[in-house]
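Q: Could you help me learn to read the contacts between chains, and then one chain by itself?

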Amino acid sequence: MFRYILRRLLQMVLAFFGTTLIVYALMFAGQGDPIQALAGERPVTAAQRAYLTEKYHLDATGVGGFFYRYFDYVKNLVQGDLGESLTGRSIGQILQQAWPVTVKLALIALAVAILFGVTAGVIAGIRRASIFDNSTLLLTLLVLGIPTIVLAPLAQYFLGVKLQLFPPTAGSNPTFYALLLPGIVLGSLSLATALRLTRTSVAENLRADYVRTAKSKGLLRRRIISVHVLRNSLIPVITFLGVELGNLMSGAIITEGVFNIPGVGFNLFRAIKTEDGPLVVGIVSVLVVVYLVSNLVVDVLYAVLDPRIRYE
Amino acid sequence: MQVRRLAAWTALPLAVTLGLAACGSGGNGGSGKSNPNAAVSIQIGEPQHLVPTNTTETSGSQVLAGLFSPLVDYDAQNKPYEVAAQSVASSDNKVWTIKLKDGFTFHNGQKVMSDDYINAWNYGAYAPNGQGASYFFEKIAGYDDLQSVDPDGDGPKAAPAPKAKTMSGLKKVDDQTFTVTLSQPYIDFKTMLGYTAFYPLPKAAFSAPGVLKDSYEQAPIGQGPFKMKGTWQHDAKIEVERYDAYPTEKPKVQGVEFRIYQQLSAAYADVLGDNLDVIPTIATENMSSAAADLGDRYKTSPMSSFQFLAFPTFDKNFSSPDVRKAISMAIDRDEITKSVFKGSQQPARSFVSPVLPGYRDNTAGAAGNFNPTEAKKLYQAAGGPAKITISYNGDGGHKDWVDATCNQLKANLGVDCVGSAEPKFADLLTKVEKKQPVGLFRMGWVMDYPSMEDYLGPLYSTNGSSNYYGYSNPEFDKLVKEGSAAPTQEEAIKKYQQAEDILAKDMPVIPLRFGQNVYGSSTKVKNVEMDLFQRVNLVKIEAVS
Amino acid sequence: MSDFETVAASENQAARRGPSGEPGIPGQVGTPQKPRSLAGDAWRDLRRNPIFWISLTLVVLVAAMAAFPELFASNDPRNCALSRQHAGPSGGAIFGYDFQGCDIYARSVYGARASLLVGLLSALLTGIIAVVVGMLAGYFGRWIDAVLSRVIDIVLGIPLLLAAIVLLKRVSTGGPNTRLAAVIVVLAILGWTTAARVVRSSVITAKEQDYVAAARMLGAGHSRIMWRHILPNSLAPAIVVLTIALGSFIAAEATLSFLGIGLKSPTISWGIDIDAGRVHMRESATPLVVPSAFLALTVLAFIMLGDAIRDAFDPKLR
């Protein structure tokens, strides 16, 4: 197991640089006119264009230009310098400010998905075709039919402004309570998927032979479900949730915008819009580490949940 | 209803007993006593920069308006009057003498002197500093010496250092006086001085002559009514507090928190919840409910924005002025401003904004009036294309009116029409520059200072900085040039108006709408006023306790 | 867990295919002459399942709407006039008119084509990639798993927005169909990872089961074990993820429209209409609710269909 984890950590380094290369290439391919993008609708002066072009090597084009700029970036990255955004802000600082609030938000969303999604999924799986089961299906449809771009402003208006149960926006340094509503909104789709996944898995495992064996041995129903069925049903759910943690961090563009949380999703959106290559790569590099680590944890958990799975 | 009426009845005597008689300027949203010890919060976006010569967007400009005091400001007729300047005068419109008012000090205590202006302007104009507002200094003599030409365009070679570091046109007379020599006479120079780029910088801003400290931008020191409280908290807020040594009209609040929002609709929700005091711009998606949500806290005021449709000259489909006029006549501007913008914008039938001295109604003539039958006749006679595309940037809330315009063109001209969104304006411009088919494309313009020249020059002159469509008419160029060199305002305006008449004949663009400030405030503030540049007036606003 | 019951259960299908026609489950003694396949059994089950018929009807209905919208709506969805803004129902417009004065019902009917194409094709592509990658990684393990899993990690990291912008910029001069294809490709290329990881996890669990060991002892090759034994037993979670993904792809198209990089006019889609309806939802909710309801019903149909088919193919349920 130890060697397995060590090997995975080594692979991680490769994957990390692979990602920076791909994302850098994508940014490069998508580059239009970052200087005009920064200026919005205003005209750009020749002096300013020359200054920014020089400073960020925007004139290095073609394949040669790409590798020149990429290796320049990696060289600085290895020295711990993530570079500067086009407005002259240190990317390291931007990330330092953006990550904590996003991690908090994603963890709340994930907790919501686990707490409600998995619990409701287990109940729905045990009582298939019951009223409860059907109402969870209805909830899933509701979440799917109302995408975040609609759900977020709706929740903000009704729960934040009208009923004043939650603050309408969270801001840059929010309390746990202020993040609760955005967290629920963000977690709703994961909740629905986790719920359906748990339900199917539980329903499937309830029919497995070991359950029949356990039943005939006279074990308590509660024990059968909480120990045998749940443990065997969790593998796909955990796999899904492990991936979802990363998705929640990068995919919060809409939620972070509506609730005014200056986190990773917002910065990623802004960086992509202003074609700020170094900032996008910086954010995505950290994001990939999140995916790599959470997927490693999930893979290790497989072996814990199912002793038949072994890593050499 | 019961509860509300009750509240109104209790509020009234309360207000009376609190002695509102002392407050003559009530009736502006919130009621109650003004509290000079309270701070107010105002929405902004994350500024790109807070160095005056590098600030060209509204958010940065709003913050700097609190930290700095301009040489001139604009009165109700949008004519300039002196604020930080004692006088701005010239006999030939070429050599201008600027005398500073006594008593202005920077927030670090330093007295404001003429050198502080000269140094700041030279810094802004020096090309290697890459300042976004450097073009404001191009009329000053010696500006060209601070520029340098890249020998191989976008190639790898760096541009050589410019010839000079200071503009020869800036001369110090004494500590309170300096002269500005322009390369040629310019009638609107005084008007121009109200722009953000012309603020002074204190000695403490520079680490060496001509070198700005990196840290300056994080906590700019100005000479305005407010000083920084702490530093710029990126993506979160910028806080300022009243500067007690400010010599002229003092602010009526203790401080201002400029809170940074990514989205206007989030700020709008906060205003509804009384978590934010002022939202300077209400987003289109909140427009329809804003009047009902905010009541008398929903307000509009004049602003300079001008929306129009442009025809790229490389597209031969639209080369005939008659085709362009026919399209203009087929657009029902009144219906769009009423139904799509809920009256928050005004139909435009002229080529410059109505806030300007010299503006005339309906200079586009018949082409500006909705006339579907004439339009169709003219369009067919002139051989207009059977398919029209209107390109726009998808990130600016333009979809609704572009789609509505397309539907009108479909119905009135019998053509096929689609609105085509590009992710952002820069992508649209890239397409235009590559001469890719974009059809018509939308553009907007907000003035930098109130002069007709600020529209005619950049938008329609052959070398205009925002003339992306390639319109060129030598006669027009000549008239604008003559106007800016005219000896008096009256003569200048006459020339500008003649130039505008040429536009009406050529119809290089279709004027659509003039914008307004549409803003809202919480119940905790009153006397919220906006200027022509979408900024909240920070010395007028009051907090209500 | 070394009882042979599991082996027997999963080898049932092989036994049942035998000419001896030994009844697998009591009470299902039918035509002994005809050999019975798993699919045949499944079909027999499905035929008697009302949920299957309801969901199938819905799917066929939406598909027909996508193919022949003019049969369902008489009005032209592109005939809009501001004078009818948010007007109530009249003529063929049973749900009234939207902000631009277009017939909401007609637009929702005509929007089915693009939305269904986006949802179905993206989900299908996603499913194919996910099953192949997940199966290979989970079954073979070792370096194949290492490479494929790291590819998954990398793809997970690439923001949808970035890929969408880059790809859609490439096709920005193409027609509406190119754009539709680009949206489908973007959603699939970046959407398969979650499903692949889920498939991989079920394969890892399944390959340790006794029936796999038994099949291997009986001399079955890798591909036979993978596709005949492991796949049917590890598909259930994937079907759940994919049916939900189908719905979220249709909705994701709305988000792309919101960000200005999705489908665009003259294409009509539920995503475009949901995004447009969202802006004015406080004036009138109908233009938002109707396309959302079409979307939700379509997803419901696919979720139920997926559930029914999965149940029918599960031998343990008999």
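A: Gladly! Keep in mind that this is a predicted model. Start with chains B and C: their contact takes 18 residues from chain B and 17 residues from chain C.

Q: Which elements give two or more residues to the side of chain B that touches chain C?

A: They are helix H6 (284-294), helix H8 (333-339), helix H10 (399-413) and strand E17 (416-422) of chain B. H10(B) supplies the largest share, 5 residues. By kind, this side of chain B divides into 5 nonpolar, 8 polar and 5 charged residues.

Q: How many residues does the contact between chain C and chain A take from each?

A: Here 49 residues come from chain C and 52 residues from chain A. On the chain C side, the elements giving two or more residues include helix H1 (5-10), helix H8 (176-207) and helix H12 (286-313). The largest share, 11 residues, belongs to H10(C). Sorted by kind, the chain C side has 29 nonpolar, 11 polar and 9 charged residues.

Q: And how is the size of an interface often given?

A: Often as the accessible area lost when the parts come together.

Q: Now for one chain: how many helices and strands are there in chain B?

A: Chain B has 14 helices and 21 strands. Its radius of gyration is 25 Å, close to the 24 Å from the globule rule for 545 residues, so chain B is as compact as a globular protein of that length.

Q: What share of the residues in chain B is buried?

A: Buried residues make up 54% of its 545 residues. Look at contacts too: among those in chain B between residues at least 6 apart in sequence, 67% join residues at least 24 apart.

Technical notes:
Residues numbered from 1 in each chain as written. Chains lettered and ligands numbered in written order. Predicted model: local features only at pLDDT ≥ 70, side-chain atom pairs only at ≥ 80, totals over all residues. Contact = placed C-beta atoms within 7 Å. Helix = DSSP H or I, 4+ residues; strand = E, 2+ residues; numbered from the N terminus. Nonpolar A, V, L, I, M, F, W, Y, C, P; charged D, E, K, R; others polar. Rg over C-alpha atoms; globule rule 2.2 N^0.38 Å. Buried ≥ 20, exposed ≤ 12 C-beta atoms within 10 Å, placed from the backbone.
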